[in-house]
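User: I would like to learn how to read charged pairs, cavities and surface patches in a model. Could we go through them one at a time, beginning with a charged residue?

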Amino acid sequence: MLGSIAIVAGTAIGAGMLALPLATAALGIIPAILLLVLIWGVSAYTSLLMLEINLRTGVGDNVHAITGKVLGKRGQLIQGASFLSLLFALTAAYLTGGSSLLVLKAETMFDVALDNQAAVVLFTLTLGLFAAFGVAWVDKVSRILFSLMIALLVVTVGFLMPEVSPSQMAVAAMEEGNFDVWMAAIPVVFTSFGFHVCIATLVRYLDGDTMTLRKVLLIGSTLPLLCYVLWLLVTLGTVGGEAIHGFAGSLPALVSSLQEIAAQPWVSKCISLFADFALVTSFLGVTLSLYDFIGELTRARPTIAGRIQTWLITFIPPVLCALYIPEGFVAVLGFAAIPLVVMIIFLPIVMALKQRPQADDSGYQVAGGTPALAIAGLLGAVIIASQLWVAL
C-alpha cells in the first residue's frame, strides 16, 4: 500500500511543480492555493471514477483494453490519440525546460555560452537514449533520482521557509488582465495532477482490493497537493508573485532568483539540483511511455534498426517543438491539459454512464451519482476552454 501511494504521488510530482509558480504567480498566494484545492478535488474524483470503471471491466486490463470493451474501436481511437498527444506535449515541454536549465548550467558552472538549439539536441541525445534502453534501466535511475528529488525538496523548503515575507504573502492578485491570468493558470495546475495513467497498473498490483485502492488514490493524490502548497509558499512568499510573473515563463530565471535568496551556497546547489531532478525524472518516465506506445503502434521489431526507428518517431516531433518554441515550457504544459481532460474526465464519464445502468448494486461506485459526473464534465470543459482562450 505504501509503495502504491508512492507511485501515485511520484507520477504527479515532477516538472509540473516547477511550472506552478510561473503559472500562478499573478493570482496571489490565496487564490493560487484555492485553485490547487479545486483541481485536486476534480483529479481525486476522476481517479475514483476510473477505479470504478476498471473494477467493473476486469482486474488486469490496461486503459486501452478497458476503453475498447466499453466504448469499442472509436473509443480506443480517441483514447490512443489523446494519450499520444499528451505524451508528445509533455516530452516537448520537458525538452524546453531541460535545455533552458542546461544553458544556465553551462553559463554558471563552466562559463560557456551554450546555444539553446544545441542544448535541446544535447539533452535529447543524452537522457533520451534511456528510453531505448528499456524499463529496467529507467526504473533504476528514476528510483534513485526521485528519492534524491524529494530529499532536496525537503531541504529547499526547510531553508527557504524562514525567508518567506508576510508582505509578499499578503499581495493580492494582479488587477490588470486578471481573467487572462486565471485562464493561463488553470490548464497548468490541472496537468500537475495527472497521475491517472498508473491506476490500471495499481488495480492489478493490489488484486482489485477496493478499500485499499481508494485509500491509495486519495492519500497518493493529497501528497502532491501538500507539496505544491508548500512550494508555492516558499516561491511566491520569497521571490514574490509580481517578480515571478515578470519572468514570462522562464524557468532559469525562477531557479536563479531562488538561489540568490538562499543564504548558503550549498542550499543554492540543492535548489539547482532539485530543479534538475524534477525535470529529469518526469522526462524519463514520459519518454519511456511514449517510446513503448509508439513501438506498439508501429509493431517495431526488437532489432537495432527497429529501436532506432521507434526512437526517431518518439523524439523528432517534440524536438522540433522545443527548437522553435524555446520558451514554451509553461505554454506546452498547458496544452497537455486538453488531451489529459479527454483521457481522465470525458472518456471515464462516458464509460460510467454506459456501465452503470447495466451493473448490479454490489460493485463499487464512486459517490455523487449523475450530478457529480455533470460537475466533473463541466469543469473539464472549463479547463479546455481556458487553454483555448490562452492559445487564441
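Analyst: This is a predicted model, and a good residue to begin with is Glu-52, which counts as buried because its relative accessibility is 0%, where buried means under 20%.

User: Which side chains does Glu-52 meet in salt bridges?

Analyst: The general idea is that side chains of opposite charge can pair when their charged atoms come close. Here, Glu-52 forms a salt bridge with Arg-56 at 2.7 Å, N to O, and it also forms one with Arg-356, where the closest N and O atoms are 2.9 Å apart. Arg-356 lies in the loop between α17 (337–355) and α18 (369–391) while Glu-52 lies in helix α3, so this pair ties together parts that are 304 residues apart in sequence. Taken together, Glu-52, Arg-56 and Arg-356 are linked in a network of salt bridges.

User: How many residues apart are Arg-56 and Glu-52 in helix α3, and is Arg-356 buried or exposed?

Analyst: Arg-56 and Glu-52 are four residues apart in helix α3 (residues 29–57), which means that about one helical turn separates them. Arg-356 is buried, as is Glu-52, whereas Arg-56 counts as partly exposed at 22% relative accessibility.

User: How many salt bridges does a search of the whole structure find?

Analyst: The search finds four, and one of them joins Lys-69 to Asp-61, with the closest N and O atoms 2.6 Å apart. In this pair Lys-69 counts as exposed, at 54% relative accessibility, while Asp-61 is buried, with a relative accessible area of 16%.

User: Turning to cavities, which residues line the second largest cavity?

Analyst: A cavity can be read by its volume and then by its lining. The structure holds two cavities of 30 Å³ or more, and the second largest has a volume of about 40 Å³. Its lining is made up of Thr-96, Gly-97, Ser-100, Gly-249, Leu-251, Pro-326, Glu-327, Gly-328 and Phe-329, which divide into three nonpolar, five polar and one charged. Helix α4 (residues 63–110) provides the largest share of this lining, namely three residues.

User: And on the surface, which residues form a nonpolar patch?

Analyst: The patch consists of Ile-304, Ile-308, Leu-312, Ile-316, Leu-320, Tyr-324 and Ile-325, which together have about 730 Å² of accessible area. Ile-325 is found in the loop between α15 (304–324) and α16 (329–335), and with a relative accessible area of 40% Ile-325 is partly exposed.

Note on methods. Residues are numbered from 1 along each chain as its sequence is written. This is a predicted model: local features need pLDDT of at least 70, side-chain atom pairs count only at pLDDT 80 or more; totals for chains, interfaces and linings use all residues. Side-chain values use heavy atoms; hydrogens and water are left out. On a 1 Å grid over the protein atoms alone, a cavity is a set of points where a 1.4 Å probe fits but cannot get out, and a pocket is an open set with protein on both sides within 12 Å along at least five of seven lines; lining residues have an atom within 4 Å of a point. Grid points are joined across faces, edges and corners, and a volume is the space filled by probe spheres set on the points. Helices (H or I, at least four residues) and strands (E, at least two) are DSSP runs, numbered from the N terminus. Ala, Val, Leu, Ile, Met, Phe, Trp, Tyr, Cys and Pro count as nonpolar, Asp, Glu, Lys and Arg as charged, and the others, Gly among them, as polar. Patches are made of residues with over 30% relative accessible area and no salt bridge: like charges are joined within 9 Å, nonpolar side chains (Val, Leu, Ile, Met, Phe, Trp, Tyr) within 5 Å. Accessible areas come from the Shrake-Rupley method with a 1.4 Å probe; for residues, only the protein chains shown count as cover. Buried means under 20% relative accessible area, exposed over 50%, partly exposed in between (1.4 Å probe, protein chains only).
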